[in-house]
Amino acid sequence: MFAHGVTLVLLGPDNRSCSGRESRTSWLKLSLTGAMRSIDIGDVLVLRTEEKSVLVDLPAWARLAGHELLTVADDGDGAGPWRLAILRGAPESGRNAEDTGGLHLRNRGAAREPVVALQQFHCNLACDYCCAQSSPKADARLLPLELARTVVDEFAAQGGSELLITGGEPFLHPDLGAIVGHAEQVPVVILTNAMVFEKGRRRQTLESLDRDRVTLQVSLDSAGPALHDRQRGAGSHARALAGIGLAKQLGFRVRVAATLGEDELGSVDLLHAALTNLGVVPEDRLI
Ligand code: SF4
């Protein structure tokens, strides 16, 4: 079928264990980056997946990484699984946008929706489904401040509209405040588990951030503590709610993302009530 070498990657059902779109996207990118590096430039990687969101996420990733999406074939009757063939391209000269000194950069839909995500892997939690394989024991791979400044400058010069900072846990980065401060005019979304900024230096960092420009996004796995604590660690649900409450008290916009399984759907009203109590407005609830 192809004039090139072909490598097949199977995604799923493992990728379904990633909770939320951002997590699945991170997992997809990490997996594909490794797979593409294992084949030669000009060879083709065939990806087989049962996860429909890959059809949306993969073309943007391939564009950014300099690869070419050749075909998308549906092996089912419109419901997948799907096979996607990706031709490995040559890296651009200079810095590789995929991996810069252990830092992962992502620019989603560069032409229409300039967004860059700066990712590091140090985390206070070790969630059992973590797509970035972050944990207190993971190699921190902290984003160097100078590199972050360079990336942010390039991003702003291209008309960047929103900066996403993710992890790992961004508040573990000692230079988070400086990175956000350097972004100056660009709105910033920090994806945080909201558990580490109650006091000390991280509290100072939080309080130093610009409320008009910074949004905190926090994920919850369930309305009550049972599932969230099972997946993220004992007490993590209560601490996340406390962190959300603190951020709201300090005047931040807080967005809460919650992916509820079918057996959790009965608790949606409970979750909305809890978020109302914390001051999270309905438009900032991604449930
Ligand atoms: S909180 Fe940390 S360990 Fe859990 S999913 Fe997020 S980055 Fe991974």
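How many residues surround the ligand, and which are the closest? The shell has 13 residues, and the closest are Cys123, Leu125, Cys127, Cys130 and Ser134. A residue counts as near the ligand if its C-beta atom, placed from the backbone, lies within 6 Å of it.

This is a predicted model: local features need pLDDT of at least 70, side-chain atom pairs count only at pLDDT 80 or more, and totals for chains, interfaces and linings use all residues. Residues are numbered from 1 along each chain as its sequence is written.

Now the interior. The largest nonpolar core has 44 residues. Such a core is a set of buried Ala, Val, Leu, Ile, Met, Phe, Trp, Tyr and Cys residues joined through C-beta atoms within 7 Å. Ile165, Val218, Ile244 and Val256 have the most contacts inside this core. Ile165 touches Leu118, Pro170, Ile179, Val188, Ile190 and Leu191, leaving aside residues up to four places away in sequence. Contact means C-beta atoms, placed from the backbone, within 7 Å. A second, separate core has 14 residues, including Leu28, Leu45, Ala65 and Leu84.

Two residues have a positive phi although neither is a glycine. Their surroundings are listed below. A residue is buried if 20 or more other C-beta atoms lie within 10 Å of its own, exposed if 12 or fewer, and partly exposed in between, with C-beta atoms placed from the backbone.

| Residue | Phi | Other C-beta atoms within 10 Å | State |
|---|---|---|---|
| Glu184 | about 50 degrees | 12 C-beta atoms | exposed |
| Ala194 | about 65 degrees | 27 C-beta atoms | buried |

Definitions and conventions:
Two residues are in contact if their C-beta atoms, placed from the backbone, lie within 7 Å.
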